[in-house]
Amino acid sequence: MKYVVFTIGLLLNAALVYVLGTREVLPIPLGEFLSVQEGIWQNAESVDHDFSENLNLKDLNGKVDVYLDERLVPHIFAEDENDAYFVQGFLHAKFRLWQMEFQTFAAAGRLSEFVGDKAIQFDRNQRRMGMVFAAENALSAMERDDSTKAALDAYTNGINAYISTLNKAELPIEYKLLGYMPEKWSNFKSALFTKQMTYTLAGYDKDFEYTHALKLLGEDNFQLLYPEIADSLYPVIAKGTPYSEPLAEILPPPGADSVYFNRKDTIHIAQDFKPNPSNGSNNWAVSGSRTQSGKPILSNDPHLSLSLPSIWFEIQLHTKAFNSYGVSFPGLPGVVIGFNDSIAFGFTNAGRDVKDYYEIKFKDQSKSSYWFNDEWKKAEQRIETIKVKGAKDVLDTVSYTLFGPVMYDNSFKTELTTDKAYALRWVAHDTSNILKMWLLLNRAKNYVDYHHAIRHFNVPGQNMIFASHNGDIALWQQATFPLRWKGQGLFVMPGYDSSYMWKGFIPMEENPHSLNPASGYVSSANQRPADSTYPYFIPGSYEVYRAITINKKLDGMYNITPNDMKALQNDNYNVFAELARPLLSKYVQRDQLNANESKYLQMVESWNLHNDPNEKGVTSFHAWWDSLYNNIFMDDLHQSTHSLVRPEKFVLLEALARDTAFRFIDDRNTSQQEDIAMQVTSALKKATSYLTELEKEDKLEWAKFKNTTVYHLLKTSTLPFARSGIMNGGGNGIVNATQHDHGPSWRMVIEMTHPIHAYAVYPGGQSGNPGSKFYDNFIDTWAKGEYFNLFYMHTEDTNADQVKWKMSFNPVL
Amino acid sequence: MIVGLCIGFFIPQKRIMGFLSVFIGVAFFWGCFAFFISSANDHILAKRVAVLVIKKSDPMLLVLTTAMIGGISAGVAAFTGRSLAILFKK
């Protein structure tokens, strides 16, 4: 009997270990996860936590003092700048280690290692795109330069110094959730991070979609739906700015008309992963001639996916060589957007196309040779090993050609004929040291220093804005941009010889730029950098409307104060609606509307054109417009099952404004010939049923509909770590570019007075720990459109009220 | 669990008492510890993790769950330890 009891006990024990100790039954091993000694309870940071400590570490050259203020922003005081980067690495790891690892694992195509087989396609996509290849090239350039190598080494050592102090109990909660341990950091991971950032900003492409659209619609219709320049363009560099003649005329190769512009065959590529086309930003700088203080004011708000932990980490680096403050990327040393005691700098995305595809002909299934310049050329083959949690390694062979990696072939998601393959030519693969720009910017004192610094930056193209204490304002659209003949790169090109390769790059001095213009301000909002007089072909993905609002407002502003600039960053005016609404009002057939439809018409017509949180007119307008857009385009675009990129909204607006007999108005699926009045009215009717449902769910007000949410990086798996229901305004094409989960990830206004007046905020918190009160404590301030006064510390401020904790780093020999 | 096993093995008592005494002890210890930690944290983390684990944003329920898991694991180990010891008794 006692044997039976013992056996029962043993079985019960085994069952408990199985259920609570493994991931076989429950998704998380609850025994460990809820353990008071090692589980999540150890991540529940006391609200009175004391961050002061003394650390004795090797790899430091001298003593470093870090003053943490009440927002947990570290102000690092080090003599030697490499010591500052070391401590920056240590602190990035202390507060954001999991995020840094997760982002670089994603960059390297290694998510399957801890997520399992559902990430295999993603990982293959990253490898085949050449992310690791690009990072290797970046690393070699960064390590060849003494100063960037020293900075990276110090930064890496700092991160690893932190990791080596971690025990199981102190692991960030996401490691406990997913069940893995952190790896050591390396310079290579920082290089990977730069490429992930590049993908986010310069990774969007439309080559396959455009190629398909051209074949489907023909040249004329293609030009109508995808025009190069919008009528209402307000370019980055003012219209009328003279441009020098290009050195030589760039012509397409012979035969381009038949082989490239009028190809006979079709291409079937489905691209699963693309960066968010809304990734962009606003920036502007007003000169002293327009400000109350007589000194320039620089403003920047980068627009990215809103996430927790935040993409940015606020920091100050005070060294013998420079004193910089701003936001940094956990993954890279230095201040990325910010200021020092002489200058301020910021960035918006250029949106220029620096990515093209070339059709490759392989000799055979081994894909080891491809046809190029009349002979079979040997391809370099890389075997990518993808480790998969709970399964066998996946091996993927990628062939590298002179153009770049053959990303798509018959082994990676297409249904094309067996011998067609597409190689990717991407500026991101080219060797360069973009970190050097930031190391130089952090210490720059004037325009010459800034101009010298930005020359090191080749990708992703950015509108780099500048303001200095001595009164200069400037903006350069900087990167290495390919020299293209008109039309080159819109579509997939033949890769059988060198004739379609890029002829070179646009000389840097000819990149669009402006220094102290007569207008008294510079600005950019992802719009096309120049009008048609710019002598080069510059395809890209450009926004139109934010620039219009920003320029119109700045044109009329004088005696500007920082509060005026903050107000502009939070401006909710919908200039697109201003232009589109009259069209809707004019053509809607009012006598055909029932009471409900008239109600929504009323809402749209009485709306004040501001995307304010309580406005129902915003939602109604958008539903109506989107419905009209679908009425007009979906029948034409859905003729084919393959993906086509949707024409920009300015295309429809300007086409209708120009020509009410726009040929796409008619619905090709009906025998009736629709006209604009019928489509506008039908759109309102369709929108009404949608809006009625929304109203029943109390989601008609703009903020409730938009439901701005800052998701945790693991998205729907960790909804309790997100913050949703943020009731602010804004939207796509609005200066306050806040959408559902995308928007101003940092808002900064810097007045270059002495002392500097600096204001900023971001939707998150300095700590990446969901158990810390510093995880999301800035979100409410950001949502209200308010800012914090930045504490730009100097050596005499060590006893200031703002200083709450002190970390002392002591070198150990 | 190891602690529970040892207590059960070495301390003479009825098997069911072995379970009960260790269960109550550990559940109480884990419960109090988790509660104090959570209070100091203003229950920020417990509110979030509770949704993940027990689908309700109830920090006290999470504390209770923690106490139960700790108590049951240790208690069953103690029971088994006692049962093992009894096997050797003549």
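In this predicted model, strands β26(A) and β27(A) form a hairpin, with five residues between them. β26 covers residues 747-751 of chain A. β27 covers residues 757-761 of chain A. The two strands run antiparallel and are joined by five bridges. One point of register helps to place the pair: A:Met748 stands opposite A:Ala760 in β27(A).

β26(A) also pairs with β5, residues 297-305 of chain A. Four bridges join β5(A) to β26(A), and this pairing is antiparallel too. Here A:Ile297 stands opposite A:Glu751 in β26(A). β26(A) therefore has bridges both to β5(A) and to β27(A), and in a regular strand the side chains alternate between the two faces of the sheet.

How is β26(A) covered on its two faces? A:Arg747, A:Val749 and A:Glu751 lie on one side, and all are buried. A:Met748 and A:Ile750 lie on the other side, and they are buried as well. In total, five of the five residues of β26(A) are buried. A:Met748, the partner of A:Ala760, and A:Glu751, the partner of A:Ile297, are on opposite faces.

Elsewhere in chain A, turn to helix α5, residues 120-128. Its buried residues are A:Asp123, A:Arg124, A:Gln126, A:Arg127 and A:Arg128. What covers them? The cover includes the helices α3 (81-107), α4 (112-115) and α6 (131-144) of chain A. It also includes the strands β14 (380-386), β15 (394-400) and β16 (406-408) of chain A. Just after α5(A), A:Gly130 takes a positive phi of about 85°.

Now to chain B. Four helices and zero strands make up its elements. From the N terminus on, they run α-α-α-α. The radius of gyration of chain B is 16 Å, well over the 12 Å that the globule rule gives for 90 residues, so chain B is more spread out than a compact globule. Along its principal axes, the C-alpha trace spans about 55 × 25 × 15 Å. Of the 90 residues of chain B, 53% count as buried. Contacts within chain B can be sorted by their separation in sequence. Among those between residues at least 6 apart, 72% join residues at least 24 apart.

Start with the helix pair α1(B) and α2(B). Two packed helices are described by the angle between their axes and the distance between the axes. α1 covers residues 2-10 of chain B, and its axis comes within 10 Å of that of α2(B). The two axes cross at roughly 145°. The crossing is right-handed. Which residues meet there? B:Gly4, B:Ile7 and B:Gly8 come from α1(B). They meet B:Gly18, B:Val22 and B:Val26 in α2(B). By class, this contact has three nonpolar, three polar and no charged residues.

Finally, look at where the two chains touch. 30 residues of chain B are in contact with 26 residues of chain A. On the chain B side, the elements that give two or more residues are α2 (15-40), α3 (44-54) and α4 (59-88). Which of the elements gives the most? α4(B) does, with 13 residues. By class, the side of chain B that touches chain A has 20 nonpolar, seven polar and three charged residues. α2(B) thus takes part in two sets of contacts: with α1(B), and with chain A.

Methods: Residues are numbered from 1 along each chain as its sequence is written. Chains are lettered from A and ligands numbered from 1 in the order in which they are written. This is a predicted model: local features need pLDDT of at least 70, side-chain atom pairs count only at pLDDT 80 or more; totals for chains, interfaces and linings use all residues. The radius of gyration is taken over C-alpha atoms; the globule rule is 2.2 Å times the number of residues to the power 0.38. A residue is buried if 20 or more other C-beta atoms lie within 10 Å of its own, exposed if 12 or fewer, and partly exposed in between; C-beta atoms are placed from the backbone. Two residues are in contact if their C-beta atoms, placed from the backbone, lie within 7 Å. Ala, Val, Leu, Ile, Met, Phe, Trp, Tyr, Cys and Pro count as nonpolar, Asp, Glu, Lys and Arg as charged, and the others, Gly among them, as polar. Two strands pair if DSSP finds at least two bridges between them. Axes are lines fitted to C-alpha atoms, for helices over the stretch in contact, and angles run from 0 to 180 degrees between N-to-C directions. A crossing is left-handed if the near helix is turned anticlockwise from the far one by less than a right angle, and right-handed if clockwise.
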